[in-house]
Amino acid sequence: MATLTAVNPRVVAGPVMATEKILILSGQSWKAGQFLFVDTSGLLKTCASDADSGTGGIKYFALVDQTDPGNSTTYAEVGVIHPDHVFEINELDGAIDSANIGGIYGIDVTSNVVTVDEGDTSNPALKVIAVASDYNTLQNDVADVKGRCKVQVIASVIDAARA
């Protein structure tokens with residue numbers, strides 16, 4: 001068992017990610033790998049903890065780090081998330097095992113790092129499809145704290161972000 005360092009999700013499978021250039025909401029900054037959406041004014045914003053279909057959804061993926069431009073006239077090129085994209089992501093603060101496969105959980109965003117929160121079933125956003133202790137047994141243990149897994153953003157959350 002080890003305590004892993006949580007890092008932002010990375011795309012590990014799925015179709016080639018399309019990109020779009022979208023104006024950034026003034027005051028927003030992010031790290032590569034964060035999830036993003038467009039707010040009601042049409043400006044790009046980072047997803048917060050508990051992002052689900054009721055709170056703006058998840059539609060975009062940060063390709064590079066972005067500092068606050070200080071205006072809403074600066075564009076960022078971001079990846080467009082498709083339901084078939086598979087991301088590798090850390091669990092928020094505990095272990096994750098094969099019993100979690102098929103589970104749908106919320107996200108946590110702390111200090112610009114996105115993790116899956118298997119303790120949050122009230123804000124459905126990500127579906128766990130595999131756990132690292134099964135697919136990469138040499139580097140991952142079932143008891144790892146902040147364990148890694150593969151997830152997909154659930155379609156209703158992506159669709160909510162398109163509304």
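Asp 65 is partly exposed, at 48% relative accessible area, and it makes a handy way into this predicted model. The Asp 65 side chain meets that of Lys 31 in a salt bridge, 3.9 Å from N to O. The two partners come from distant parts of the chain, 34 residues apart: Lys 31 sits in the loop between strands S2 (19-23) and S3 (35-38), while Asp 65 sits in the loop between S5 (60-62) and S6 (75-80). Lys 31 is partly exposed too, with a relative accessibility of 42%. The pair makes the list because the cut-off is 4 Å between the Lys or Arg nitrogen and the carboxyl oxygen.

## Salt bridges

How many salt bridges does the model hold by this rule? The count is 2. Besides the Lys 31 pair, there is one between the side chains of Arg 10 and Glu 88, with 3.0 Å from N to O. Arg 10 belongs to strand S1 (residues 10-13) and Glu 88 to strand S7 (residues 86-90), so this bridge ties together parts of the chain that are 78 residues apart in sequence. The burial of the two partners is worth a look: Glu 88 counts as buried at 13% relative accessibility, whereas Arg 10, at 48%, counts as partly exposed.

## Two sheets

Now for the strands. One open sheet has 5 strands, paired antiparallel in the order S2-S6-S5-S3-S4. S2 and S4 (44-46) are at its edges with a single partner strand each, so each has one side without a neighbour in the sheet. From one strand to the next, the twist averages 45°. Inside this sheet, S5 and S6 run antiparallel and share 3 bridges. Ala 62 has Val 78 of S6 standing opposite.

The other open sheet has 6 strands, again with antiparallel pairing, in the order S1-S7-S11-S10-S8-S9. S1 and S9 are the edge strands here, and each pairs on one side only. Neighbouring strands are turned by 50° against each other on average, ignoring direction. S10 (residues 126-131) is joined to S11 by 5 bridges, and these two run antiparallel. Ala 130 has Lys 150 in S11 as its bridge partner.

The strands of the Arg 10 and Glu 88 salt bridge, S1 and S7, both appear in the order of this 6-strand sheet.

## Cysteines

How many disulfides turn up? The count is 0. A disulfide is a covalent bond between the sulfur atoms of two cysteines. For Cys 47, the closest cysteine sulfur is that of Cys 149, 17 Å away and therefore too far for a bond. The cut-off for a disulfide is 2.5 Å between the sulfurs. Both cysteines are tucked away: Cys 47 counts as buried at 3% relative accessibility, and Cys 149 counts as buried at 0%.

## Loop residues

Some loop residues deserve a stop as well. Most residues other than glycine have a negative phi. Asn 112 has a positive one, near 65°, and Lys 146 also has a positive phi near 65°. The table puts their places and accessibilities next to those of Asn 71.

| Residue | Loop | Relative accessibility |
|---|---|---|
| Asn 112 | between S8 (104-110) and S9 (113-117) | 26%, partly exposed |
| Lys 146 | between helix H1 (132-135) and S11 (148-153) | 28%, partly exposed |
| Asn 71 | between S5 and S6 | 25%, partly exposed |

What is Asn 71 in contact with, leaving aside neighbours within four places in sequence? The residues are Ile 24, Leu 25 and Ser 26. In addition, the side chains of Asn 71 and Thr 74 are joined by a polar contact of 2.8 Å. Asp 52 is another matter: Asn 71 and Asp 52 are 19 residues apart in sequence, and their C-alpha atoms are 27 Å apart in space.

The loop between S5 and S6 thus comes up more than once in this report. Asn 71 is found there, and so is Asp 65, the partner of Lys 31.

Key. Residues are numbered from 1 along each chain as its sequence is written. This is a predicted model: local features need pLDDT of at least 70, side-chain atom pairs count only at pLDDT 80 or more; totals for chains, interfaces and linings use all residues. Side-chain values use heavy atoms; hydrogens and water are left out. Helices (H or I, at least four residues) and strands (E, at least two) are DSSP runs, numbered from the N terminus. Buried means under 20% relative accessible area, exposed over 50%, partly exposed in between (1.4 Å probe, protein chains only). Contact means heavy atoms within 4.5 Å. A polar contact is a pair of N or O atoms within 3.5 Å; within protein, one must be able to donate a hydrogen and the other to accept it, and residues adjacent in sequence count only if both atoms are side-chain atoms. Two strands pair if DSSP finds at least two bridges between them. Axes are lines fitted to C-alpha atoms, for helices over the stretch in contact, and angles run from 0 to 180 degrees between N-to-C directions.
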